[in-house]
Amino acid sequence: MKLLFENWRSFREETLQESVGGGIKKVFKGVYDAAIDEIFMDIWNHATNRACVWWGPCNKARITTNHKYDDHFDAHKHILAAAMFAQKYTAEPARAAGIYRELYQSSGNTAKMDMMDIKNNDIGISIGVKYSDFDAKALDSYIYRIIKKGEFYGQQDILKKDEKK
């Protein structure tokens with residue numbers, strides 16, 4: 001699987017480097033983005049809905065309105081989605097997907113990537129690999145408990161339990 005993913009990444013990079021007035025690059029990137037979004041949306045939507053249950057209430061855009069738990073809400077989404085993705089596709093595709101998503105959200109600027117989210121994705125990936133036999137409900141409950149203990153990264157980019165109040 002890892003070799004397949006590396007070959008795909010190489011093919012994608014080569015294809016994106018081609019330029020016929022920029023048209024091929026734009027079309028291929030658009031198709032690729034649509035495919036990635038389709039693959040991730042079910043998992044991401046489930047993770048967001050569960051974060052709303054635990055750390056909400058959420059508004060219509062599915063963002064928590066309980067600002068006391070902004071970090072908890074965001075971490076729950078990332079950790080649960082990464083864990084579920086790792087269970088379904090293994091660790092490396094899950095890691096690549098999380099990095100790709102952060103790159104996409106930062107418009108490709110690596111300096112603007114949210115490392116807190118990348119670190120929380122890594123927590124989720126390790127949980128998904130370790131507990132590959134957990135169903136979605138058990139995984140969600142387990143993640144809720146580790147977040148309650150502060151074992152996730154918050155805005156200060158350190159484990160929440162280690163943040164200075």
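**Exercise 1.** Determine whether Arg-50 is buried, partly exposed or exposed, and find the salt bridge that Arg-50 forms with Asp-140.

*Solution.* Step 1: Arg-50 has a relative accessible area of 25%, and the classes are set as buried under 20%, exposed over 50% and partly exposed in between, using a 1.4 Å probe and protein chains only; Arg-50 is therefore partly exposed. The model is a predicted one, in which local features need pLDDT of at least 70 and side-chain atom pairs count only at pLDDT 80 or more, while totals for chains, interfaces and linings use all residues. Residues are numbered from 1 along each chain as its sequence is written, and side-chain values use heavy atoms, with hydrogens and water left out.

Step 2: A salt bridge requires a side-chain nitrogen of Lys or Arg within 4 Å of a carboxyl oxygen of Asp or Glu, and Arg-50 meets this with Asp-140, the closest N and O atoms being 2.6 Å apart.

Step 3: Asp-140 belongs to helix H6 (residues 136-148) and Arg-50 to helix H2 (residues 23-55), so the pair ties together parts that are 90 residues apart in sequence; helices here are DSSP runs of H or I with at least four residues, numbered from the N terminus. Asp-140 is buried, at a relative accessible area of 3%.

**Exercise 2.** Which residue forms a salt bridge with Lys-119, and where in the chain do the two partners lie?

*Solution.* Step 1: The partner is Asp-157, with the closest N and O atoms 3.3 Å apart.

Step 2: Lys-119 sits in helix H5 (residues 115-130) and Asp-157 in the segment after H6, 38 residues apart, and the pair thus links distant parts of the chain.

Step 3: Lys-119 is partly exposed at 28% relative accessibility, and Asp-157 is partly exposed at 30%.

**Exercise 3.** Describe the network of salt bridges that includes Glu-163.

*Solution.* Step 1: Glu-163 pairs with Lys-160, the closest N and O atoms being 3.1 Å apart.

Step 2: Asp-71 is linked with Lys-160 and Glu-163 in the network.

Step 3: Glu-163 is buried, with a relative accessible area of 11%, and Lys-160 is buried as well, with 16%. The structure holds 8 salt bridges.

**Exercise 4.** With which residues is Ile-147 in contact, leaving aside neighbours within four places in sequence?

*Solution.* Step 1: Ile-147 is found in helix H6 and is buried, with a relative accessible area of 1%.

Step 2: Taking contact as heavy atoms within 4.5 Å, the partners of Ile-147 are Trp-55, His-72, Ala-75, His-76, Ile-79 and Phe-152.

Step 3: The C-alpha atoms of Ile-147 and His-72 are separated by 6.5 Å, although these residues are 75 residues apart along the chain.

Notes
Helices (H or I, at least four residues) and strands (E, at least two) are DSSP runs, numbered from the N terminus.
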